[in-house]
Amino acid sequence: MEFKIKKICCIGAGYVGGPTMAVIADKCKGIEVNVVDLNRERIAAWNSENLSELPIFEPGLKNIITRRRGENLHFSCDVEMNIALADMIFISVNTPIKKSGIGAGMASDLKWVESSTRQILEHAQGNTIVVEKSTLPVKTAKTIKSILESNKNSNKNFSVLSNPEFLAEGTAIDDLINPDRVLIGGEDRNAIDELIKIYENWVPKNKIITTNLWSSELSKLSANAFLAQRISSINTISAICETTGSNINDVSKAIGMDSRIGSEFLKAGPGFGGSCFKKDILNLVYLCQYYGLGEVANFWKSVVDINSWQKDRISKIIVKNLFGTIAGKKLGIFGFSFKANTNDTRESPAIEICKSLLDEGAILQIYDPKVSFDSIKKDLSTIGEDSIPKNDNYGHWIFSRKSLEAAKDTDAIIILTDWDEFKTYNWEEIYELMRIPAWIFDTRNVIESPKHIRSLGFNLWQLGIN
Ligand code: NAD
Ligand code: UGA
């Protein structure tokens with residue numbers, strides 16, 4: 001099949017679709033890029049004159065949007081028209097865990113992928129390359145192909161490629177501009193070459209690798225499983241450190257200096273969050289079970305189990321140190337996003353930890369530099385079944401616009417996100433606002449001078465150190 005790529009459509013204007021297409025538009029000025037979404041509010045936010053209202057906070061994103069929006073980058077709700085105009089369509093829709101039915105709690109819910117594929121079938125014209133950008137279970141391309149091949153109109157031809165995205169939130173723009181690799185899976189050489197031509201505008205050729213469809217789909221799930229596995233591994237070691245007097249930062253450094261292991265992703269913390277690690281591993285577990293690989297399924301499942309255990313053990317440590325009860329006590333929560341430099345709270349460890357503390361009756365004063373009141377409200381609203389507090393003693397939370405506000409009258413501050421600004425705080429000033437004995441529970445080890453903090457009068461608990 002012959003292709004000529006002049007117009008790209010991306011279905012899904014989320015954390016992946018938005019930044020990825022912004023970078024493609026910036027690097028390929030001769031291509032028109034249309035990002036479409038059913039969510040009108042999200043599209044309005046992408047089109048907002050006020051760039052601080054963009055739906056996603058990512059360092060470097062505003063600059064690209066300023067350069068390209070209205071030039072060759074457009075955000076729109078007109079899904080049908082933009083599909084019809086496109087020579088290449090990226091499917092960048094959400095693929096969360098299924099909530100009910102077969103595979104509930106484990107398998108990916110592919111209903112958004114299926115519906116966008118059906119929209120493509122109905123509205124695309126001529127020869128169209130369909131690119132899987134969403135993270136999908138192995139063999140999803142087969143489903144996409146069978147839907148697209150069901151077309152009875154001989155004027156429509158499709159070629160399906162897998163091109164998983166490896167960006168991490170908070171560094172999305174940098175990851176997109178300098179990727180470790182670009183992975184393209186497919187069978188149709190012409191289609192693969194067209195996608196390579198796009199990436200070649202800024203990615204060195206040796207970093208663009210091609211495989212068959214299934215290897216590409218599996219590589220994405222496996223990469224996330226490996227990354228998450230390192231975090232669960234180091235978090236288990238953090239618990240051993242606490243009981244043996246070893247220091248997790250030193251152990252991580254010593255392990256990571258082995259070039260076979262490498263130093264990245266060995267930072268202990270309150271457990272991994274984000275929209276993808278848990279769902280992608282559970283999806284892998286589900287696939288293993290489906291293919292009868294029980295031992296493999298158990299192996300990967302334990303990575304998720306350790307992650308839950310880590311969050312739970314942190315809540316217990318807080319309660320234990322505050323004399324076994326936090327009912328009615330004010331606690332300052334510093335950081336709510338799942339990592340620094342993002343406003344995303346999906347699967348943030350802060351959610352489970354805050355819910356456990358609320359369950360113990362605490363009053364939480366929550367501060368995060370980028371997370372909005374509405375996001376926190378949404379995350380903490382499912383209190384128990386039917387949104388009824390699980391017990392009469394259930395605590396409540398307050399949104400603080402400033403860290404000093406969040407610290408006022410608290411017995412403890414709990415650092416849950418590794419925001420840089422926490423390192424620069426005047427802790428003396430904060431101490432003055434707190435109730436004594438004042439505690440800091442530093443689950444990210446952002447406090448770099450524990451001696452100084454202790455000398456101010458704080459009781460300091462750091463993950464994997466005490
Ligand atoms: P997201 O929820 O932020 O965005 C998905 C968007 O798709 C939503 O705005 C939704 O309204 C839209 N959508 C769904 N169905 C649609 C349809 N039929 N037509 C038009 N719009 C539709 O999700 P995300 O974080 O961008 O993730 C997208 C995919 O990329 C997922 O499969 C995820 O696993 C994968 N991924 C995410 C990241 C990340 O850092 N968030 C990184 C790599 C890969
Ligand atoms: C992760 C992967 O890093 C990306 O390559 C992948 O594309 C993406 O998932 C995806 O498929 O969605 P992301 O979840 O955005 O990216 O962020 P990470 O930097 O991987 O952090 C995930 C979680 O692990 C965060 O809660 C972070 O605080 C935690 N983490 C990370 C640690 O606790 N320790 C570490 O050493 C690294």
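Me: Which residues of helix α3 (residues 61-68) are buried?

Reply: Good place to start. In this predicted model, the buried residues of α3 are Leu61, Ile64, Ile65 and Arg68. They span an arc of only 100° around the axis, so they sit on the same side of α3.

Me: What is the general idea behind that spacing along a helix?

Reply: An α-helix has 3.6 residues a turn, so residues three or four places apart point the same way. Back in our case, the buried residues of α3 pack against α1 (17-27), α2 (40-46), β3 (73-76) and α7 (172-177). Just after α3 comes Gly70, with a positive phi of about 85°.

Me: Which residues of helix α6 (residues 140-148) are buried, then?

Reply: For α6 they are Thr140, Ala141, Ile144, Lys145, Ile147 and Leu148. Their arc around the axis is only 160°, which places them on the same side of α6. What they pack against is a mix of strands and helices: β4 (88-91), α5 (111-123), β5 (126-132), β6 (156-162) and α9 (213-244).

Me: Let's go back to two partners of α3. Is Ser76 in strand β3 buried or exposed?

Reply: The cut-off to keep in mind is that buried means under 20% relative accessible area. Ser76 lies in β3 and has 18% relative accessibility, so Ser76 counts as buried. Leaving aside neighbours within four places in sequence, Ser76 is in contact with Val35, Val36, Asp37, Ile43 and Asn82.

Me: And what about Ile177 in helix α7?

Reply: Ile177 belongs to α7, and with 28% relative accessibility Ile177 counts as partly exposed. Not counting residues up to four places away in sequence, Ile177 touches Val23, Lys27 and Trp202. Take the pair Ile177 and Lys27: these residues are 150 places apart in sequence, yet their C-alpha atoms are 9.0 Å apart in space.

Me: Now for helix pairs. At what angle do α11 (residues 277-290) and α12 (residues 294-321) pack?

Reply: The general idea is to read the angle between the N-to-C directions of the two axes, with values over 145 degrees counting as roughly antiparallel. Here α11 and α12 pack at about 165°, with their axes 8 Å apart. The two helices are therefore roughly antiparallel to each other. The crossing of α11 past α12 is left-handed.

Me: Which residues make that contact between α11 and α12?

Reply: On the α11 side they are Lys278, Ile281, Leu282, Leu284, Val285, Cys288 and Gln289, and on the α12 side Val296, Ala297, Trp300, Lys301, Val303 and Val304. By class, the residues of this contact divide into 10 nonpolar, 1 polar and 2 charged.

Me: How are α12 and helix α13 (residues 349-359) arranged?

Reply: Their axes come within 9 Å and cross at roughly 40°, and α12 and α13 are therefore oblique to each other. This time α12 passes α13 in a right-handed crossing. Lys311, Ile314, Ser315 and Ile318 from α12 meet Pro349, Glu352, Ile353, Ser356 and Leu357 from α13. The contact divides into 5 nonpolar, 2 polar and 2 charged residues.

Me: What comes in the loop between α12 and β9 (330-334)?

Reply: Leu322 is found there. Its relative accessible area is 2%, so Leu322 is buried. Beyond residues up to four places away in sequence, Leu322 touches Lys329, Leu331, Asp411, Ala412, Trp439 and Phe441. For another distance to try in your viewer, the C-alpha atoms of Leu322 and Ile453 are separated by 18 Å, and the two residues are 131 apart along the chain.

Me: How should I read unusual backbone angles?

Reply: As a baseline, most residues other than glycine have a negative phi, and most peptide bonds are trans. In this model, Phe265 has a positive phi near 60°. Phe265 lies in the loop between α10 (248-256) and α11 and is partly exposed, with a relative accessible area of 35%. Glu347 also has a positive phi, near 60°. Glu347 lies in the loop between β9 and α13, and its relative accessible area of 36% makes Glu347 partly exposed.

Me: And where is there a cis peptide bond?

Reply: Look at the bond joining Ile436 and Pro437, which is cis with omega about 0°. Pro437 lies in the loop between α16 (427-433) and β13 (439-442).

Methods. Residues numbered from 1 in each chain as written. Chains lettered and ligands numbered in written order. Predicted model: local features only at pLDDT ≥ 70, side-chain atom pairs only at ≥ 80, totals over all residues. Heavy atoms only, no water. Axes fitted to C-alpha atoms, helices over the stretch in contact; angles between N-to-C directions. Helix = DSSP H or I, 4+ residues; strand = E, 2+ residues; numbered from the N terminus. Parallel < 35°, antiparallel > 145°, perpendicular 65-115°, else oblique. Left-handed = near helix turned anticlockwise from the far one by under 90°. Contact = heavy atoms within 4.5 Å. Nonpolar A, V, L, I, M, F, W, Y, C, P; charged D, E, K, R; others polar. Buried < 20%, exposed > 50% of the residue type's maximum accessible area, 1.4 Å probe, protein only. Arc of directions from axis to C-beta.
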